[in-house]
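Biologist: Please take a close look at one part for me, the interior. I would like to know what is packed there and what space is left.

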Amino acid sequence: MSFSYAIYDVFTNKVLAGNPLAVVFDADRLDTAKMQAITAEFNLSETVFIRSPENPVASAALRIFTPERELPFAGHPTVGAAIAIAQSRGAAGTSIQMLEEQVGLVRVAVSVNDDEPAYAEFDLPKLPEKIAFDAPREAVAAALGIDPMEIGFENHKIAAWSAGVPFTMVPVAGLAVAERAVADPRLWLALAPKINGEIPDPYVYCRETIQHDCSFHTRLFAPWQGIVEDPATGSAAAAFAGQIMQFDEPVDGPSSFWIEQGMEMGRPSCIRLEIDVKAGTIDAARIGGNAVKVAEGTLFV
């Protein structure tokens, strides 16, 4: 069997930056085992397979895999796949897609124009929910190779959130601390609770940024998933909306944040997070970013 594929760099407006994504088209004939094997072959943080949807209102169905397992939802595959679908179908201007993922239907607005990088923004299919996380600060610090006193800034503290995929939010004092952080798989797996069988990966963040127009600097580690570090993590940014809501308490109405990631890897990425607040709680939220095609070809399996 042969399948067309493309490689996109996501959450960036230029090639060889952001988070690379493999997109496999017309993948209905592939079973789960074959999709997992193909993902291992690409050896990128995630590969997305575009399939025919079961729901008649959906534009396409997505199956999303890391080198180790399938995910119910992920941000950079959603953004990258939506742009890949629009471009493969010759769409121009702004269009709306409904993508069928395991987490549910995801509504995506896609903008494709010849004179600028394509952009996609999706509504969170699930708003962030707080997860119990009781590991002491000292254990978290040891698992990340930093000092316990370097964890926390202002009123921000460690907390775990999920908007479909769980993450542990670890605030640190500044860029210098974030740059030194590195996850010890053995120590992290010993302290992190499993949430529906999933490990809440550490999402290290600080207020200090490299790019002046960004609100937060972040890093995401997941070596237990075959991802030593992820250049850009949309599902973590989605969960991060809960952390922002709890500790920064944005006022009612819309708020927007640019989140930088991947700097330490030489893969600078920018993720846009928009939060609509109503009566002191999150009413809706969106994740957006650019994506650019790097390569395309044929897969023989």
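Modeller: A nonpolar core is a set of buried Ala, Val, Leu, Ile, Met, Phe, Trp, Tyr and Cys residues joined through side-chain atoms within 4.5 Å. Buried means under 20% relative accessible area, exposed over 50%, and partly exposed in between (1.4 Å probe, protein chains only). This is a predicted model, in which local features need pLDDT of at least 70 and side-chain atom pairs count only at pLDDT 80 or more, while totals for chains, interfaces and linings use all residues. Residues are numbered from 1 along each chain as its sequence is written, and side-chain values use heavy atoms, with hydrogens and water left out.

The largest nonpolar core holds 88 residues, and Val 140, Trp 188 and Ile 287 have the most contacts inside it. The element that gives the most to this core is helix 6 (residues 234–248), with eight residues; helices (H or I, at least four residues) and strands (E, at least two) are DSSP runs, numbered from the N terminus. A second core, separate from this one, has 14 residues, among them Phe 3, Ala 22, Ala 27 and Leu 299. In soluble globular proteins, nonpolar side chains tend to be buried together.

Trp 188 shows what such a position looks like. With neighbours within four places in sequence left aside, Trp 188 is in contact (heavy atoms within 4.5 Å) with Phe 133, Val 140, Ala 143, Thr 168, Ile 199, Pro 200, Asp 201, Pro 202 and Trp 224.

Ala 120 is another residue to look at, and its place is in strand 8 (residues 116–123). Ala 120 counts as buried because its relative accessible area is 0%. Beyond four places in sequence, Ala 120 contacts Val 79, Ala 82, Ile 83, Val 108, Ala 109, Val 110, Ile 287, Gly 288 and Gly 289. One of these partners, Ala 82, is 38 residues from Ala 120 along the chain, and the two C-alpha atoms are separated by 7.0 Å.

Strand 8 also takes part in an aromatic pair. Rings of Phe, Tyr and Trp (its six-membered ring) pair if their centres lie within 6.5 Å; planes under 30 degrees apart count as stacked, over 60 as edge-to-face and the rest as tilted. By this rule the model has 11 aromatic pairs. Phe 73 and Phe 122 make an edge-to-face pair, 5.7 Å centre to centre with 80° between the planes. Phe 73 lies in the loop between strand 5 (70–71) and helix 2 and Phe 122 in strand 8, so the pair ties together parts that are 49 residues apart in sequence. Both Phe 73 and Phe 122 are buried.

Phe 153 and Tyr 205 form an edge-to-face pair, with 5.7 Å centre to centre and 80° between the planes. Phe 153 is in the loop between helix 3 (137–144) and strand 10 (159–162) and Tyr 205 is in strand 12 (residues 201–206), so this pair ties together parts that are 52 residues apart in sequence. Phe 153 counts as buried because its relative accessibility is 10%, and Tyr 205 is buried at 0%. Ring pairs link Phe 153 and Tyr 205 with Tyr 203, Phe 216, Phe 240 and Phe 257 into a cluster.

Helix 6 also contains Ser 235. Ser 235 counts as buried because its relative accessibility is 5%. Apart from residues up to four places away in sequence, Ser 235 touches Phe 73, Ala 74, Gly 75, Val 165 and Phe 167.

Now the empty space. On a 1 Å grid over the protein atoms alone, a cavity is a set of points where a 1.4 Å probe fits but cannot get out; lining residues have an atom within 4 Å of a point. Points are joined across faces, edges and corners, and a volume is the space filled by probe spheres set on them. The model has one cavity of 30 Å³ or more, and about 140 Å³ of space lies in the largest cavity. The lining of this cavity has 19 residues, of which Glu 46, Leu 71, Gln 225, Asp 230 and Thr 233 are the closest to its centre. Helix 2 (75–88), strand 13 (216–222), strand 14 (227–230) and helix 6 each give two or more residues to the lining. By class, the lining has eight nonpolar, seven polar and four charged residues; Ala, Val, Leu, Ile, Met, Phe, Trp, Tyr, Cys and Pro count as nonpolar, Asp, Glu, Lys and Arg as charged, and the others, Gly among them, as polar.

Note on methods. On a 1 Å grid over the protein atoms alone, a cavity is a set of points where a 1.4 Å probe fits but cannot get out, and a pocket is an open set with protein on both sides within 12 Å along at least five of seven lines; lining residues have an atom within 4 Å of a point.
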